[in-house]
Amino acid sequence: MIPGGGQPNMQQLLQQAQKMQQDLARAQEELANTEVDGQSGGGLVKATVTGSGELRGLRIDPKAVDPEDTETLADLIVAAVQAANENAQTLQQQKLGPLAQGLGGGGIPGLPF
């Protein structure tokens, strides 16, 4: 209920929406610049992705390299990248979740929630 029974102040609503949009853009920029890691094989393979999911680095311990078994190495790489992306999604939800809820509870195109 609006105090005094009047109409909502459209200027105030627009300012709030603009602030939330700026906060969301700032959080997305932070995510793009934040790196998170994932690993597999007890740390034999480590992947680094940004908070927005861009693969930035991959480290493979020489012990993981067996020329006779490249399939296992490929599986370790995929698992490490998946783990890093899961960590990036968790970070996205931490950074963007409250903002998305403030903008109507989610459903923002391009966001995973």
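**A surface patch, a three-stranded sheet and five salt bridges**

On the surface of this chain, Leu58, Ile60 and Val65 come together as a nonpolar patch whose accessible area amounts to about 230 Å² in total. The model in which this patch appears is a predicted one, and the values that follow are computed from it. Leucine 58 belongs to strand 3, and with a relative accessibility of 42% leucine 58 is classed as partly exposed. The chain as a whole exposes about 7600 Å², of which carbon and sulfur atoms supply 51%, while 27% of the 113 residues count as buried.

From the patch it is natural to step back to the overall arrangement. The chain contains two helices and three strands, and when these are read along the sequence they give the pattern α-β-β-β-α. Among the contacts in the chain with a separation of 6 or more, 47% are made by residues 24 or more positions apart.

The strands build an open sheet in the order 1-2-3, with antiparallel pairing. Strand 1 and strand 3 are the edge strands, each of them pairing on one side only, and from one strand to the next the twist averages 15°.

Consider the pairing of strand 1 with strand 2, which is antiparallel and runs over six bridges. Within this pairing, valine 36 stands opposite valine 49 of strand 2. The two strands form a hairpin with four residues between them, and in this hairpin glycine 41 takes a positive phi near 60°. Strand 1 also presents two faces: Val36, Gly38 and Ser40 lie on the covered face, whereas Glu35, Asp37 and Gln39 make up the uncovered one. Valine 36, the residue opposite valine 49, therefore belongs to the covered face of strand 1, as far as the computed faces go.

On the other side of strand 2, which spans residues 45-50, the antiparallel pairing with strand 3 is made over five bridges. Valine 45 has isoleucine 60 of strand 3 as its bridge partner, and isoleucine 60 is also one of the members of the nonpolar patch with which this account began. Elsewhere in the pairing, threonine 48 stands opposite glycine 57 of strand 3. Strand 2 and strand 3 likewise form a hairpin with four residues between them, and glycine 53, located in the turn, has a positive phi of about 100°.

The charged side chains supply a further set of links. What is the count of salt bridges in the model? There are five salt bridges, and three of the pairs can be followed here in detail. In one of them, glutamate 35 and arginine 56 meet through their side chains at an N to O distance of 3.4 Å. This pair links distant parts of the chain, since glutamate 35 lies in strand 1 (residues 35-40) and arginine 56 in strand 3 (residues 55-60), 21 residues apart. Both ends of the bridge are partly exposed, with a relative accessible area of 47% for glutamate 35 and a relative accessibility of 44% for arginine 56.

The other two pairs are found in helix 1, which covers residues 10-33. Lysine 19 forms a salt bridge with aspartate 23, and their closest N and O atoms are 2.8 Å apart. Why can these two residues be described as about one helical turn from each other? Lysine 19 and aspartate 23 are separated by about one helical turn because they are four residues apart in helix 1. Aspartate 23 also forms a salt bridge with arginine 26, where the closest N and O atoms are 3.0 Å apart; here the spacing is three residues, so this pair too is separated by about one helical turn.

Is aspartate 23 buried or exposed? With a relative accessible area of 18%, aspartate 23 is buried, because the cut-off for that class is under 20%. Arginine 26, at 48% relative accessibility, counts instead as partly exposed. Through the partner that their salt bridges share, Lys19, Asp23 and Arg26 are joined into one network.

How values were computed. Residues numbered from 1 in each chain as written. Predicted model: local features only at pLDDT ≥ 70, side-chain atom pairs only at ≥ 80, totals over all residues. Heavy atoms only, no water. Salt bridge = Lys/Arg side-chain N within 4 Å of Asp/Glu carboxyl O. Buried < 20%, exposed > 50% of the residue type's maximum accessible area, 1.4 Å probe, protein only. Pairing = 2+ DSSP bridges. Axes fitted to C-alpha atoms, helices over the stretch in contact; angles between N-to-C directions. Contact = heavy atoms within 4.5 Å. Areas by Shrake-Rupley, 256 points an atom, 1.4 Å probe, with all protein chains shown as cover. Patch = residues over 30% accessible without salt bridge, like charges linked within 9 Å, V, L, I, M, F, W, Y side chains within 5 Å.
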